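Take a walk through this fold with the coordinates open beside the text. The route starts at one helix, moves to its surroundings, and then turns to the pockets.

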Amino acid sequence: MTLRQIGPALLAVLLGGVLAILGSRWLIAEWNGEMAQTSLNNWAEQGGQPAPAAVARAEAQAIQSIRFHPGRSGEHWDRLGRIYAWANWEAPITLVDTQPALIAAERLLAEPIGEAGAQSAERTRLRAFSAYDQAVSLRPLWPYGKLRLASARLSAGVADARFNALLREGFELGPWRRSVNREVARLGLMAWDYLEPATRFVVLEACRRTAGFGRGDVAWLRTLADQTGRRALIDGLVLAR
């Protein structure tokens with residue numbers, strides 16, 4: 001083999017090696033991601049709060065999916081956020097005056113909370129908040145990411161200007177999606193006392209659009225209004241029209 005032939009052959013070998021490594025990392029990331037997603041699907045079907053051991057297992061799988069994925073992935077960070085959000089979703093929400101400090105991405109990956117930490121609503125909610133923040137930075141035009149971050153902020157006790165902005169941005173990115181309007185309505189009515197005027201306008205519009213989807217949506221909205229103590233508001237400004 002001549003020198004002219006060796007160069008392209010060596011390049012092909014090196015390129016094949018790089019592709020093999022990337023392919024292996026992608027497979028590991030996807031396998032772990034699918035395992036974590038299976039847990040999320042099971043929790044959604046069961047409806048209850050998952051056991052700390054199950055949260056810890058799904059957390060480890062989601063972290064591996066992020067670590068091994070070739071490049072940063074908003075989808076994988078969103079999945080980690082959802083795992084933390086499920087951990088203590090039944091615990092009551094306590095609003096705080098100061099915004100909790102976000103946990104850096106490197107620390108989220110290097111210091112998993114495990115089974116013991118999964119029992120703490122404060123710790124899991126702060127991690128959901130932080131993981132969703134990473135996801136939104138990578139997928140800034142996805143409405144569900146904005147609303148999941150808004151929900152995580154509220155669960156962590158933060159209903160500030162950023163929370164307001166996330167509600168408006170999520171609505172603007174998916175203005176006619178039933179699930180987007182429902183989530184804007186849910187979060188907005190829960191945090192009504194802390195909403196800015198512009199956000200209240202968006203929330204009421206999301207309620208009107210939700211009601212416009214059908215009778216089942218009207219019933220859902222009335223139930224939400226009863227649960228949040230906003231029945232008079234909804235009856236007077238949404239359903240009376």
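**From one helix outward**

The buried residues of α6 pack against five helices: α2 (52–68), α3, α4 (105–110), α5 (114–117) and α7. The model is a predicted one. The buried set of α6 includes Ala121, Thr124, Arg125, Phe129 and Tyr132. Arg127, Ser130 and Gln134 are also among the buried residues of α6. The helix has 18 residues. Its first and last C-alpha atoms lie 26 Å apart, close to the 26 Å expected at 1.5 Å a residue.

Now step back to the whole chain. The protein has 12 helices and 0 strands. Read from the N terminus, the order of elements is α-α-α-α-α-α-α-α-α-α-α-α. Of the 241 residues, 42% count as buried. Take the contacts with a separation of 6 or more: 70% of them join residues 24 or more positions apart.

Next comes α3, one of the partners of α6. Why is α3 described as largely enclosed by the rest of the structure? The reason is that 11 of its 14 residues are buried. The list includes Trp77, Leu80, Ile83 and Tyr84. It also takes in charged side chains, Asp78, Arg79 and Arg82 among them. The end C-alpha atoms of α3 are 20 Å apart, which agrees with the 20 Å that its 14 residues should span at 1.5 Å a residue.

The start of α3 has a link to the loop between α6 and α7, where Arg139 sits. Leaving aside neighbours within four places in sequence, Arg139 is in contact with Gly74, Glu75 and Asp78. Of these contacts, Gly74 and Asp78 are listed among the buried residues of α3. Arg139 itself has a relative accessible area of 27%, so it counts as partly exposed. Arg139 and Ser73 are 66 residues apart in sequence, but 8.6 Å apart in space, C-alpha to C-alpha.

Aromatic rings come next. There are 3 aromatic pairs in the count. Trp86 and Trp89 make an edge-to-face pair, 6.1 Å centre to centre with 80° between the planes. Together with Trp43, Trp86 and Trp89 form one aromatic cluster. Trp89 has a relative accessible area of 41%, so it is partly exposed.

Turn now to the open space. Which helices each supply at least two residues of the lining of the largest pocket? They are α3 (74–87), α6 (121–138), α7 (143–155) and α9 (178–190). The largest contribution comes from α7, with 7 residues. The pocket holds about 740 Å³ of space. Its lining has 23 residues, and those nearest the centre are Ala85, Tyr132, Ser151, Glu183 and Arg186. By class, the lining divides into 14 nonpolar, 4 polar and 5 charged residues.

Ser151 deserves a closer look. Is Ser151 buried or exposed? Its relative accessibility is 17%, so Ser151 counts as buried. It belongs to helix α7. Not counting residues up to four places away in sequence, Ser151 touches Glu183, Arg186 and Leu187. Glu183 and Arg186 are, like Ser151, among the residues nearest the centre of the largest pocket.

The second largest pocket has a volume of about 290 Å³. It is lined by 15 residues, and the closest to its centre are Ala121, Glu122, Arg123, Leu126 and Ala156. Here α6 gives the most, with 6 residues. The lining has 8 nonpolar, 2 polar and 5 charged residues. The walk thus returns to α6, which also contributes to the lining of the largest pocket.

One more helix completes the tour. The 16 residues of α10 (residues 197–212) should span 22 Å at 1.5 Å a residue, and the end C-alpha atoms are 23 Å apart, which agrees. Buried residues of α10 include Val202, Val203, Leu204, Cys207 and Arg209. The buried residues of α10 pack against α8 (161–173), α9, α11 (215–228) and α12 (231–239). Of these, α9 also supplies lining to the largest pocket. Just after α10, Gly214 takes a positive phi of about 155°.

Methods: Residues are numbered from 1 along each chain as its sequence is written. Side-chain values use heavy atoms; hydrogens and water are left out. On a 1 Å grid over the protein atoms alone, a cavity is a set of points where a 1.4 Å probe fits but cannot get out, and a pocket is an open set with protein on both sides within 12 Å along at least five of seven lines; lining residues have an atom within 4 Å of a point. Grid points are joined across faces, edges and corners, and a volume is the space filled by probe spheres set on the points. Helices (H or I, at least four residues) and strands (E, at least two) are DSSP runs, numbered from the N terminus. The expected span of a helix is 1.5 Å times one less than its number of residues. Buried means under 20% relative accessible area, exposed over 50%, partly exposed in between (1.4 Å probe, protein chains only). Contact means heavy atoms within 4.5 Å. Rings of Phe, Tyr and Trp (its six-membered ring) pair if their centres lie within 6.5 Å; planes under 30 degrees apart count as stacked, over 60 as edge-to-face and the rest as tilted.
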